[in-house]
Amino acid sequence: LELNCLVTFASHKVDGILLIGGMHPRLRADLDRVRDDFRIPVVLMDPIRRIPGYDHLVIDSRPGIEEAVAYFLKQKRKRIGFIGDAFSSRSRLVSFKSALRSNRRDLQERYIKVTAERFEAGGYEGMTALLNETPRPDAVLVAYDDMAIGALKALYEHGVSIPRDIAVIGYDNIRHSEFMYQPLSTIFPDLK
């Protein structure tokens, strides 16, 4: 899919390309060709891997996640969980674990749910799994706002009061998070 998009963009003589997401190694030759043969600048946005020869736009999740964990702790939350997917576990979960360590909090693996789904279904699945833990977490950081929306649905369906019983913070500050019945607390990404 990425290769088809790169070829399409190159043939339409765009002024530049911003490639967002994980950079698969097999795309490197195609990226080099688009950049060099077509003389189209390419900027990569990937929170994990930097590719030499390309400019990068990186979302640094650490400051926002540290702030969310500090907020939970200030609210006297003791059992803090995390819901994410495989992609977010490479960056946002790492930042979450680091924030717990820097606040001298033990990591409780049972409160970390990494799902195969990334969007609302993944958040629903992750929160449903957390609700089966004993005791339940009293706060949950969710890797993406879309996932957090699914997590909130699971909480509503199980009659859990937000934030009294379980506080939830999402990540990305998407526009529709403020228009939900229960507005979603969310982290605005820090671009570097």
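**Stop 1: the second largest pocket**

Start by selecting the lining of the second largest pocket in this predicted model. Its residues divide into ten nonpolar, three polar and one charged. The pocket holds about 210 Å³ of space. Of the 14 lining residues, Tyr 71, Pro 163, Ala 167, Val 168 and Ser 185 are the closest to the centre of the pocket, so show those as sticks.

Now colour by secondary structure. Which elements each supply at least two residues of this lining? They are helix 3 (62-74) and strand 8 (167-171). Strand 8 gives the most, with three residues.

**Stop 2: a proline on the pocket wall**

Stay with Pro 163, one of the residues closest to the pocket centre. Pro 163 sits in the loop between helix 6 and strand 8. Zoom in on the peptide bond that joins Ile 162 to Pro 163: this bond is cis, with omega about 5 degrees.

There is another cis bond to visit. Select Thr 134 and Pro 135, whose peptide bond is cis with omega near -10 degrees. Pro 135 belongs to the loop between helix 5 and strand 7.

**Stop 3: helix 3**

Select residues 62-74 to pick out helix 3. Try the distance tool on the C-alpha atoms at its two ends: they are 18 Å apart. How does that fit with 13 residues at 1.5 Å a residue? The expected span of a helix is 1.5 Å times one less than its number of residues, and for helix 3 this comes to 18 Å, which agrees.

Next, show the side chains. Gly 64, Ile 65, Ala 68, Val 69, Phe 72 and Leu 73 are the buried residues of this helix. What do these buried residues pack against? Their partners are strand 5, helix 4, strand 7, strand 8 and strand 9 (185-187).

Just after the helix, click on Lys 76, which follows helix 3 and has a positive phi, near 65 degrees.

**Stop 4: Ser 95, across from helix 3**

Move on to helix 4, where you will find Ser 95. Is Ser 95 buried or exposed? Its relative accessibility is 6%, and buried means under 20%, so Ser 95 counts as buried.

Keep Ser 95 on screen and add Ile 65. The two are 30 residues apart along the chain, yet their C-alpha atoms are separated by 6.5 Å. Leaving out residues up to four places away in sequence, Ser 95 touches Ser 61, Arg 62 and Ile 65.

**Stop 5: the largest nonpolar core**

In soluble globular proteins, nonpolar side chains tend to be buried together. To look at this here, select Ile 83, Phe 96, Met 127, Leu 141, Val 142, Leu 155 and Val 168, the residues with the most contacts inside the largest nonpolar core, which has 41 residues. Helix 3, strand 5 (80-85), helix 4 (92-102), helix 5 (120-131), strand 7 (139-142), helix 6 (145-157) and strand 8 each give two or more residues to this core. Helix 6 provides the largest share, seven residues.

You have already met Val 168 among the residues closest to the centre of the second largest pocket; here Val 168 is listed again, as one of the residues with the most contacts in the core.

For a look at one core residue and its surroundings, centre the view on Ile 83. Not counting residues up to four places away in sequence, the neighbours touched by Ile 83 include Lys 113, Gly 122, Met 127, Leu 130, Val 140, Leu 141 and Ala 151.

Apart from this core lies another one of eleven residues, among them Ala 10, Ile 17, Val 34 and Tyr 54. Select those four to find that core.

**Stop 6: two loop residues with positive phi**

Find Arg 39 in the loop between helix 2 (28-37) and strand 2 (42-45). Although Arg 39 is not a glycine, its phi is positive, about 55 degrees. Arg 39 counts as exposed because its relative accessibility is 72%, and the cut-off for exposed is over 50%.

Then go to Asp 172, in the loop between strand 8 and strand 9. Asp 172 has a positive phi too, near 125 degrees. With a relative accessible area of 24%, Asp 172 is partly exposed.

**Last stop: zoom out**

Show the whole protein as a cartoon, with its six helices and ten strands. The C-alpha atoms fill a box of roughly 60 × 35 × 25 Å along the principal axes. Of the 192 residues, 44% are buried. Among contacts between residues at least 6 apart in sequence, 68% join residues at least 24 apart.

Notes: Residues numbered from 1 in each chain as written. Predicted model: local features only at pLDDT ≥ 70, side-chain atom pairs only at ≥ 80, totals over all residues. Heavy atoms only, no water. 1 Å grid on protein atoms, 1.4 Å probe; cavity = no way out; pocket = protein on both sides within 12 Å on 5 of 7 lines; lining within 4 Å. Points joined across faces, edges and corners; volume = space filled by probe spheres on them. Helix = DSSP H or I, 4+ residues; strand = E, 2+ residues; numbered from the N terminus. Nonpolar A, V, L, I, M, F, W, Y, C, P; charged D, E, K, R; others polar. Core = buried A, V, L, I, M, F, W, Y, C linked by side-chain atoms within 4.5 Å. Buried < 20%, exposed > 50% of the residue type's maximum accessible area, 1.4 Å probe, protein only. Contact = heavy atoms within 4.5 Å.
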